[in-house]
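User: I'm just starting out with protein models and would love some help reading this one. Could you take a single part and go through it closely with me?

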Amino acid sequence: MNRICKYLELAIAAALALMVLMVFGNVLLRYAFNSGITVSEEVSRWLFVWMTFLGALVALHENGHLGSDLVVSRLPA
């Protein structure tokens, strides 16, 4: 299971790098050449969504989710 999480972390890092490259390239193309790649906006949005899903899986495996015990802490033992 740890090996799968390492692969997921690599996939998250690759998605983040690809997102940065596509958005930066699109900004550069729009600024310099007054044109851009229309697909890059949609692909970067999809990569962000999948990066969030995969990050939630890794956090679940590492017990890294945030918890709130506002109500439970006020109840009697």
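What follows is a close look at helix α2. Which residues of α2 are buried, and what covers them?

Analyst: First, some ground rules. This is a predicted model, so local features need pLDDT of at least 70 and side-chain atom pairs count only at pLDDT 80 or more, while totals for chains, interfaces and linings use all residues. Residues are numbered from 1 along each chain as its sequence is written, and side-chain values use heavy atoms, with hydrogens and water left out.

Let's start with the helix itself. Helix α2 covers residues 38–61; helices here are DSSP runs of H or I with at least four residues (strands are runs of E with at least two), numbered from the N terminus. With 24 residues, α2 reaches 36 Å from its first C-alpha to its last, close to the expected 34 Å. That expected span is 1.5 Å times one less than the number of residues.

Now for your question. The buried residues of α2 are Ser 40, Ser 44, Leu 47, Met 51, Leu 54, Val 58 and Ala 59. Buried means under 20% relative accessible area, exposed means over 50%, and partly exposed is in between, using a 1.4 Å probe and protein chains only. Their cover includes α1, where contact means heavy atoms within 4.5 Å. It works the other way round too: α2 is part of what covers the buried residues of α1, which are Cys 5, Leu 8, Ile 12, Ala 15, Met 19, Met 22 and Asn 26. That partner helix has 32 residues and reaches 46 Å, close to the 46 Å expected.

So where do the two helices share a nonpolar core? Look for Leu 47, Met 51, Leu 54 and Val 58 of α2: they belong to the largest nonpolar core, which has 9 residues, the others being Leu 8, Ile 12, Ala 15, Met 19 and Met 22. The elements giving two or more residues to this core are α1 (2–33) and α2, and α1 provides the largest share, 5 residues. To count as such a core, buried Ala, Val, Leu, Ile, Met, Phe, Trp, Tyr and Cys residues must be joined through side-chain atoms within 4.5 Å. Ile 12 makes a handy place to zoom in: leaving aside residues up to four places away in sequence, Ile 12 touches Met 51, Leu 54, Gly 55 and Val 58.

Next, the surface. Trp 46, a residue of α2, joins Phe 48, Val 49, Trp 50 and Phe 53 in a nonpolar surface patch with about 560 Å² of accessible area together. Patches are built from residues with over 30% relative accessible area and no salt bridge, joining like charges within 9 Å and nonpolar side chains (Val, Leu, Ile, Met, Phe, Trp, Tyr) within 5 Å. The areas come from the Shrake-Rupley method with a 1.4 Å probe, and for residues, only the protein chains shown count as cover.

Then there are the charged pairs. Side chains of opposite charge can pair when their charged atoms come close. A salt bridge here is a side-chain nitrogen of Lys or Arg within 4 Å of a carboxyl oxygen of Asp or Glu, and the count comes to 3. One of them joins Glu 41 and Arg 30, at 2.7 Å from N to O. Glu 41 sits in α2 and Arg 30 in α1, so this pair ties together parts that are 11 residues apart in sequence. Glu 41 is partly exposed at 39%, and Arg 30 is partly exposed at 43%. Another salt bridge links Arg 45 with Glu 42, with the closest N and O atoms 2.8 Å apart. Both residues lie in α2, 3 residues apart, or about one turn of the helix. Arg 45 is partly exposed at 49%, and so is Glu 42 at 38%.

Finally, check what lies on either side of the helix. Most residues other than glycine have a negative phi. Asn 34, in the loop between α1 and α2, has a positive phi near 55 degrees and is exposed at 72%. Just after α2, Asn 63 takes a positive phi of about 50 degrees, and Asn 63 counts as exposed at 70%.
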